[in-house]
Amino acid sequence: MQQILQQAQKMQEQLMSAQEELANAEATGSAGGGLVTAIVAGSGELKSLTIDPKVVDPEDVETLADLVVAAVRDASGKAQQMAADAMGPLAGGMGGLGLPGM
């Protein structure tokens, strides 16, 4: 039983470490050949958005909106993949301890 508790504590420490790494990590996404760039934290928070003035056209706001959405989606997808990669080994939870029903 002591060994199981030690394994659980080790997993908790690894989880906390992975969460801290994700909080400090950033993913960059872009659209329109780099005309719009978004940076998303590993936690999923949008940190910044850069728009090249060349893409700003008052007559075509819809295209700019589409580029912003695409850049944010790109960065968010990369941040989610970072989270999946960081948490992957820990995602099994207690199941890795060989306990029935967990």
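**Two helices and two valines**

Modeller: Let's start where helix α1 meets helix α2: Leu15, Ala18, Gln19 and Leu22 in α1 touch Met82, Ala83, Ala86 and Met87 in α2. By class, that contact has 7 nonpolar residues, 1 polar and no charged. This is a predicted model, in which local features need pLDDT of at least 70 and side-chain atom pairs 80 or more, while totals for chains, interfaces and linings use all residues. Residues are numbered from 1 along each chain as its sequence is written, and side-chain values use heavy atoms, leaving out hydrogens and water.

Biologist: What makes a pair of residues count as a contact?

Modeller: Their heavy atoms must lie within 4.5 Å.

Biologist: And what makes a residue nonpolar, polar or charged here?

Modeller: Ala, Val, Leu, Ile, Met, Phe, Trp, Tyr, Cys and Pro count as nonpolar; Asp, Glu, Lys and Arg as charged; the others, Gly among them, as polar.

Biologist: Why is α1 called roughly antiparallel to α2?

Modeller: Helix α1 (residues 2–24) and helix α2 (residues 61–87) pack at an angle of about 160°, their axes 10 Å apart. That makes α1 roughly antiparallel to α2, since the label is given to angles over 145 degrees (under 35 is roughly parallel, 65 to 115 roughly perpendicular, the rest oblique). Angles run from 0 to 180 degrees between N-to-C directions, and the axes are lines fitted to C-alpha atoms, for helices over the stretch in contact.

Biologist: How do you know what is a helix or a strand?

Modeller: They are DSSP runs numbered from the N terminus: H or I over at least four residues for a helix, E over at least two for a strand. The protein has 2 helices and 3 strands, and along the sequence they follow α-β-β-β-α.

Biologist: Why is valine 36 called buried?

Modeller: Its relative accessible area is 0%, and buried means under 20% (exposed is over 50%, partly exposed in between, with a 1.4 Å probe and protein chains only). So valine 36 is buried. Valine 36 sits in strand β2 (residues 36–41). Leaving aside neighbours within four places in sequence, its contacts include Leu49, Ile51, Leu64 and Val68. The C-alpha atoms of valine 36 and valine 68 are separated by 6.2 Å, although their positions lie 32 residues apart along the chain.

Biologist: What makes valine 72 partly exposed?

Modeller: Valine 72 has a relative accessible area of 22%, so it is partly exposed. This residue lies in helix α2 and, not counting residues up to four places away in sequence, touches Ala38, Val40, Leu46 and Leu49.
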